[in-house]
Each structure stands twice: as structure tokens, then as C-alpha cells.
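Biologist: I've got a structure here and I'd like to walk through it with you. Can I throw some questions at you as we go?

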Amino acid sequence: MTHRAEPRGSTRAPSEWNGAGVVLFDIDGTLVSLGGLGRRALARAMTEEWGIEAPLDGVSLSGSTDGALARAVGGDRPRAGVWRRYLTYLSALAPGHGAPLPGVTALLDALTGGGARLGLLTGNLSGSARIKLEHVGLWRRFDVGLSAFAEDDEDRGEMAARAVERALGAPVVIVGDSLADVRAARHVGAPVLITATGVETEESLRLTAPDLLVSDLTDTARLSQWLLARLSAG
Ligand SMILES: [Mg+2]
């Protein structure tokens, strides 16, 4: 049997890095909504570990990072115990028992079908990101090696910078639901699509001047085309 070189452009499994653009998704309010369960789990962990009553009352979690929240509430107190309890309480979210926000699954399908790679840019710890996304059956859609989590930085802009580094020069576009997502995208010069499916109102989000603002992610054809066009323009 003679050896034949594989012709260029043949169909084969994508390599780990193929230069294709990366769509980075925020989690809370963008991919999933947990009806306050995450907030209650974190508050309970902070109270039990740090002895602070009602630690998150009056604190906005929208677009925040778990590290920044821990600093705002607990200052320099050790965090390992809080994170351990938080992940334990969060595991009440059984894998496969929830649903993504409307349009999300179809949009991810369309982006993958269009050749994009999918990563996460989230203020969640990698552990809470995994629990939340396994709950809705989406965890395996995302490449952890292209993602940035709370472990990377307390500042979402710096987290975005880490994710851009991990894209190794491939174009990046960001999808989120908050002012903090817009700021992070501006920090790294990436286009940003904002969906008003989190706690911030469409009117307040409009003032942040995202590149595209939508009320939800259900217009699969339009949104996938817009995102893929941003990647090919990069
Ligand atoms: Mg969010």
C-alpha cells in the first residue's frame, strides 16, 4: 500500500487550533437564568463561612465576577471555604434538568455550523460555570481552553484579555447581557452583541452603545450571520 499525502482542504476533524474565530459567551442572563438560585447559594456560603448576614443584599451581581463580589463583601478574608460551600449548594442544579434561555441552543448550533469556535467569558468560577451549564446541557459545547473564568482575574476586562490571548490571534466577538460585558469588549477592542435577557433593561443597555442590541437570542439566522460576519471581518 503506497502512502499518499492527504490533499489540502480535505475534510477532517478540526485540529485544536485552526485559526477559526471565537465567540465568547457570558453565562448568567445570556445563556441561562437560574431564578436567583446562584445568588442564594453564594449568599448562604458567605454567611456560613464569614458570619456576614445577608451579604448580597443591595449588591448587583449583573456582570460582576465572583472574585470582585468576594472582595466587595469579604475584603481579604480567605475564600476557599466560601467557594467550596458555594459549589456544594449550587450542585442542587442537577445535570440535564434545566433549559437554556430561548434561542441559545439554535444559535450555538448555527455558529458551530458556520465554523466558529465557542468559548466562555464569565465572572463565574470554572466550577460554577460547569454546574450551571451542565444543568442546561450546554457545558460540552464550549472549549475550556478558549475561555476565561473568575480564577483568571477579578476584573472582567482583564479576563477578556486572557481569553483573547488564548485565541492566539484568531478574531474574537463577545456575547453578553450587561454593561460589564460591553466594557470588557471595549477593553480588548472586540465587537459585542448584547441580549437584554438579564436584569439590566434594554433602555439602560442601549446607553452603553453595544455593536448590536437585541431583546433576546431567538433570531437565529440574523444573529449567527452578524456574529460570523464580525469574525470574518476580524
Ligand atoms: Mg451576565
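Biologist: How many Å apart are the C-alpha centres of domain 1 and domain 2?

Modeller: This is a predicted model, where local features need pLDDT of at least 70, side-chain atom pairs count only at pLDDT 80 or more, and totals for chains, interfaces and linings use all residues. Residues are numbered from 1 along each chain as its sequence is written. The domain bounds, which come from an automatic or database domain assignment, give domain 1 (22–34 + 96–233) and domain 2 (37–90). Between their C-alpha centres the distance is 23 Å.

Biologist: Which helix gives the most to the side of domain 1 that touches domain 2?

Modeller: Let's say two residues are in contact if their C-beta atoms, placed from the backbone, lie within 7 Å. Then 21 residues of domain 1 are in contact with 14 residues of domain 2. The elements giving two or more residues to that side of domain 1 are helix 5 (126–135), helix 6 (156–166) and helix 7 (179–188), where helices (H or I, at least four residues) and strands (E, at least two) are DSSP runs numbered from the N terminus. The one that gives the most, with four residues, is helix 5.

Biologist: By class, how many residues on that side of domain 1 are nonpolar, polar and charged?

Modeller: Here's the sorting: Ala, Val, Leu, Ile, Met, Phe, Trp, Tyr, Cys and Pro count as nonpolar, Asp, Glu, Lys and Arg as charged, and the others, Gly among them, as polar. Sort the side of domain 1 that touches domain 2 this way and you get eight nonpolar, seven polar and six charged residues.

Biologist: Where does the largest nonpolar core lie?

Modeller: A residue is buried if 20 or more other C-beta atoms lie within 10 Å of its own, exposed if 12 or fewer, and partly exposed in between, with C-beta atoms placed from the backbone. A nonpolar core is a set of buried Ala, Val, Leu, Ile, Met, Phe, Trp, Tyr and Cys residues joined through C-beta atoms within 7 Å. The largest one has 62 residues, and those with the most contacts inside it include Val23, Leu24 and Leu121. Both domain 1 and domain 2 give residues to this core, so it lies between them.

Biologist: Which residues does valine 23 touch?

Modeller: Val23 is among the residues with the most contacts inside that core. Leaving out residues up to four places away in sequence, valine 23 touches Leu111, Ala116, Leu118, Val173, Val175 and Leu227.

Biologist: What covers the buried residues of helix 4?

Modeller: In helix 4 (residues 104–113), the buried ones are Val104, Leu107, Leu108 and Leu111. Down the helix axis they fall within an arc of 100°, so they line one face of the helix; the arc is that of the directions from the helix axis to the C-beta atoms. Their cover includes strand 1 (22–25), strand 2 (117–120) and helix 9 (220–233).

Biologist: Is aspartate 109 buried, partly exposed or exposed?

Modeller: Aspartate 109 sits in helix 4. Its count is 13 C-beta neighbours inside 10 Å, so aspartate 109 is partly exposed.

Biologist: What do the buried residues of helix 3 pack against?

Modeller: Helix 3 (residues 80–90) has Val82, Trp83, Tyr86 and Leu90 buried. They fall within an arc of 95° seen down the axis, so they line one face of the helix. The face turned away carries the exposed residues Ala80, Arg84 and Thr88. The buried ones pack against helix 1, helix 2 and helix 5.

Biologist: What is phi of alanine 54 near?

Modeller: Alanine 54 is in the loop between helix 1 (37–50) and helix 2 (66–74). It counts as exposed because it has 10 C-beta neighbours inside 10 Å. Its phi is positive in a residue other than glycine, near 45°.

Biologist: Over which residues does pLDDT stay under 50?

Modeller: pLDDT is the predictor's confidence in each residue, from 0 to 100. The chain averages 92, and 92% of the residues score at least 70. Where pLDDT is low, the predicted coordinates should not be read in detail. The stretch under 50, with zero contacts beyond four places in sequence, is residues 1–15.
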